[in-house]
Amino acid sequence: MKFLKNPYRGAGLDLTELEAVPAPSVDAAAARAVMAEYLPSEVTPLTRVEAFGVDVWIKDESGRMGLGSFKALGAAYVIAHMARARGGDRATALAGETFVTSSAGNHGLSVAYGAARFGARAVIYLSQEVPSGFAARLRAQGAEVVIEGADYEASMVAAQRAAEDNGWTLLLDTSWEGYTEIPHRLMEGYLAMGAEIVDQLTEVPTHVFLQAGVGGLAGAMAAYMRHVWGDAPKIIVVEPNRAAALYGAIEAGRFVTAEGAASDMGRLDCKEASLIALKGLAREADAFALISEEEAFAVLDELSALGFATTTSGAAGLAALAQMTLPEGARPLCILSEGAG
């Protein structure tokens, strides 16, 4: 594992491209209110277990809304927010609307789920790298699936082109200059999980491990945890060493495009960071870590034996924890971000 202390902690990156970009939301009350009214679901469990030589809190998102990951709280929240603004019959509130996105799997499920509940159409672009099982799951949610592009970045370009050509709403979970409103709202949806964590914990964690692809989950959780807990926890952002988008930006002091072969950590295999996430994490994260494929796989058997069936993406934070020696009395928190299905 490679480990990089964040020299911009507390100040953030002073970059022109970040000036007009909003910082991540900390309005968990807004997220909880919309989710409770329009997309009610069970609270996911947070369990303290002994793993990798330490007692660790694990927030298990594998059962979230029956969709298998924390991503259920993102795009579906954006769509529910729009339906709430429209009013009227919820089942047809967004009739005639088409949402288009690219996805590595889980984000697309959230788009499909939200669209179906409010009478909208969902078109999901998947790259050739995405396992075929995700396409079947998306179609089961009523989405139209298009396979295009060799990797996630190529499928995202295809989704953008489709949105422009057809006048559809582009609903991505990343952000860039000029595209921030929807991803900012999407990240706000994740705060419903953050608020659950705060309610469930009996003590403030000393260390929080947050896996990142484009950085939406990590950026939202880091902002909210700083809002609630201040400087108390050490926040470590974890990426695959084949997709060091955030790590690379902090190391270089500027936005970068990462290079590397495809990673088994497919939901984290993103070569460019969301600007909203980068803006927040450059200020809020204490450190950035890169884990190898071998390190990611190494934790799965022990987690399975403890009753946590997941993937290398879902367990990436725990994989980084397994590589560290924490001080006596440490209280780490990790998010199991997806199930094994």
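These are my notebook entries on a predicted model, written as I looked things up in it.

**Entry 1: the largest pocket**

I began with the open space. The largest pocket holds about 340 Å³. I found 22 residues lining it, and those closest to its centre are Glu129, Ser263, Gly266, Arg267 and Asp269. What kinds of residue make up the lining? I got eight nonpolar, seven polar and seven charged. Two of the central names, Arg267 and Asp269, come back in my salt-bridge entries below.

**Entry 2: salt bridges around Arg267 and Asp269**

Next I looked up the salt bridges, and the count comes to 19. I followed Arg267 to its partner, Glu338, where the closest N and O atoms are 2.9 Å apart. Where do the two partners sit? Arg267 is in the loop between H9 and helix H10 (275–284), while Glu338 is in the segment after strand E11 (332–336), so this pair ties together parts that are 71 residues apart in sequence. I also checked whether Glu338 is buried or exposed. Glu338 counts as buried, at 3% relative accessibility.

Then I turned to Asp269, whose side chain meets that of Lys271 in a salt bridge of 2.9 Å, N to O. Lys271 counts as buried at 11% relative accessibility, and Asp269 counts as buried at 7%. Elsewhere, salt bridges with shared partners link Arg9, Arg226, Asp231 and Asp286 into one network.

**Entry 3: a bridge between two strands**

I picked one more pair to look at. Arg121 and Glu144 form a salt bridge through their side chains, at 2.6 Å from N to O. Arg121 belongs to strand E5 (residues 121–126) and Glu144 to strand E6 (residues 144–147), so the bridge ties together parts that are 23 residues apart in sequence. Are these two buried or partly exposed? I read a relative accessible area of 33% for Arg121, which makes it partly exposed. Glu144 is partly exposed too, with 36%.

**Entry 4: the nonpolar cores**

Now for the inside. The largest nonpolar core has 99 residues, and Leu39, Leu171, Ile197, Met221 and Leu281 have the most contacts inside it. Which helix gives the most to this core? My answer is helix H8 (residues 216–229), with eight residues.

I took Leu281 as my example. Setting aside neighbours within four places in sequence, I found Leu281 in contact with Asn6, Gly215, Ala218, Gly219, Ala222, Val237, Leu246 and Phe288. Apart from this core lies another one, of 29 residues, including Val56, Val238, Ile291 and Leu300.

**Entry 5: two small residues in helices**

I ended with a serine and a glycine. Ser155 is in helix H5 (residues 152–166), and its relative accessibility is 0%, so I note it as buried. What does Ser155 touch, beyond residues up to four places away in sequence? I listed Ser102, Tyr125, Leu126, Ser127 and Glu148. Of these, Tyr125 and Leu126 fall in strand E5, the strand of Arg121 from my third entry.

Gly248 sits in helix H9 (residues 245–252). With a relative accessible area of 13%, Gly248 is buried, because the cut-off for that is under 20%. I also looked up how Gly248 stands to Ala258: the two are ten residues apart in sequence, and their C-alpha atoms are 6.9 Å apart in space.

How values were computed
Residues are numbered from 1 along each chain as its sequence is written. This is a predicted model: local features need pLDDT of at least 70, side-chain atom pairs count only at pLDDT 80 or more; totals for chains, interfaces and linings use all residues. Side-chain values use heavy atoms; hydrogens and water are left out. On a 1 Å grid over the protein atoms alone, a cavity is a set of points where a 1.4 Å probe fits but cannot get out, and a pocket is an open set with protein on both sides within 12 Å along at least five of seven lines; lining residues have an atom within 4 Å of a point. Grid points are joined across faces, edges and corners, and a volume is the space filled by probe spheres set on the points. Ala, Val, Leu, Ile, Met, Phe, Trp, Tyr, Cys and Pro count as nonpolar, Asp, Glu, Lys and Arg as charged, and the others, Gly among them, as polar. Helices (H or I, at least four residues) and strands (E, at least two) are DSSP runs, numbered from the N terminus. Buried means under 20% relative accessible area, exposed over 50%, partly exposed in between (1.4 Å probe, protein chains only). Contact means heavy atoms within 4.5 Å. A salt bridge is a side-chain nitrogen of Lys or Arg within 4 Å of a carboxyl oxygen of Asp or Glu. A nonpolar core is a set of buried Ala, Val, Leu, Ile, Met, Phe, Trp, Tyr and Cys residues joined through side-chain atoms within 4.5 Å.
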